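Grab a pencil and have a look at the model below. A few short exercises follow, each with a worked solution.

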Amino acid sequence: MRFETPTLTHDPANHQYAPSWEGVDKLAGPSGFINDEHRGIYEATKDLPGWQDPGDSLKLYEAAYFSGAVILEVGVFGGRSATVELRGALAAQKAHGGPAPQFYGVDPDLNAYGRTMGTLRAQGLAERAMMYIGDLRQFLAEIPIVPTMVFVDGSHEFEGVWADLESLSRWLVPGTAVMCHDYSNTDVPVKPAIDEWVARGAYDLLSVSNNTAVLRATDQCQGTAPRGLSEAAFRATIEAMAPVYEHMKRPGPRPDMAHLTHGARFDLGLAVGKDMPAGEASGAAKVAVASGR
Ligand SMILES: C[S@@+](CC[C@H](N)C(=O)[O-])C[C@H]1O[C@@H](n2cnc3c(N)ncnc32)[C@H](O)[C@@H]1O
């Protein structure tokens, strides 16, 4: 499984793209890029719906190349960053073999479903993507994968970013790369929420690439092993949810998907309920169950 830990640190005051995974140097030599696709990824995706600076796209491609077996994105909008990540992960699979990457996109806005799937279909990437309409807590309760990398680009409120990093700190395996967008954007209180979790010791801040902070989950994070769905369960869950999202109307209540996602929980060996319990709850317990502890 493609799950390597980023180790290279750079002055966070310098927002130029620079590698976070040592393997970039070995692959690319002095050019600093993994391959031509990496070098051109911003230009190739800049007209897709989304907001990326060149250093954001370069970093996401790099992260997915080295750690993109099970990609989790919080805040998908229209599939621009998803395209970057899937291209990086698929390039790594082509170069090194192994299972096909799985992309899990979480967004509470139903419009993100059609927009993103349209983008990914046009890019030939839809087969590798599962969209979930809801927030991160709901997603992890229903489809409790443990990702090998995360891109956090959802809520732009302090509380929302804080809550996502809190959930992830209970869930991720130490060493997992967490890229957080809008770190350099002073119009929104995203940076203070990230800085608070870094100060609490749950994440190391390795560097900043344009608007993207590169974090690494520390030993405080409570996951034990990354896990995706089997290919059969991945496909079956996508196909079970698709008609609901395709026919869903807004405004209206969020549909109950628990009966459509139970196959995913069964596949992961977990008999979990619909909601992640509060308090001592959460990822830690579920990961422990999954690993047989
Ligand atoms: C900036 S856009 C994402 C852009 C996308 N990552 C890209 O670069 O192509 C933010 C998205 O986050 C979604 N969002 C807002 N609050 C969220 C939350 N609490 N959890 C997940 N997504 C959220 C919005 O609906 C919107 O689609």
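Here are four exercises, going from the whole chain down to single residues.

This is a predicted model, in which local features need pLDDT of at least 70, side-chain atom pairs count only at pLDDT 80 or more, and totals for chains, interfaces and linings use all residues. Residues are numbered from 1 along each chain as its sequence is written.

**Exercise 1.** Work out whether the radius of gyration of the chain agrees with that of a compact globule.

*Solution.* Start with the rule: 2.2 Å times the number of residues to the power 0.38, with the radius taken over C-alpha atoms. For 293 residues that gives a value near 19 Å, and the chain has 18 Å, so the two agree. Next, check burial, where a residue is buried if 20 or more other C-beta atoms, placed from the backbone, lie within 10 Å of its own. By that count, 49% of the 293 residues are buried.

**Exercise 2.** Find the order of the strands in the sheet, and say which ones stand at the edges.

*Solution.* First, list the elements: there are 12 helices and seven strands, taken as DSSP runs (helices H or I, at least four residues; strands E, at least two) and numbered from the N terminus. Strands pair if DSSP finds at least two bridges between them. Following the pairs gives an open, mixed sheet in the order 3-2-1-4-5-7-6. Strand 3 (129–133) and strand 6 (203–209) each have a single partner strand, so one side of each has no neighbour in the sheet. Now zoom in on one edge: strand 6 runs antiparallel to strand 7 (residues 212–217), and six bridges join them. Across that pair, Leu205 sits opposite Leu215.

**Exercise 3.** Describe helix 6 (residues 110–122): what is its span, and what covers its buried residues?

*Solution.* The expected span is 1.5 Å times one less than the number of residues. With 13 residues, 18 Å is expected, and helix 6 reaches 19 Å from its first C-alpha to its last. Its buried residues include Tyr113, Met117 and Leu120. Among the elements covering them are helix 5, strand 2 and helix 10 (231–247). Right after helix 6 comes Gly124, with a positive phi near 70 degrees.

**Exercise 4.** Which residues have the most contacts inside the largest nonpolar core?

*Solution.* A nonpolar core is a set of buried Ala, Val, Leu, Ile, Met, Phe, Trp, Tyr and Cys residues joined through C-beta atoms within 7 Å. The largest one has 79 residues, and Tyr104, Val178 and Ile194 have the most contacts inside it. Helix 4 (residues 54–67) gives the most to this core, with seven residues.

Terms used. A residue is buried if 20 or more other C-beta atoms lie within 10 Å of its own, exposed if 12 or fewer, and partly exposed in between; C-beta atoms are placed from the backbone. Two residues are in contact if their C-beta atoms, placed from the backbone, lie within 7 Å.
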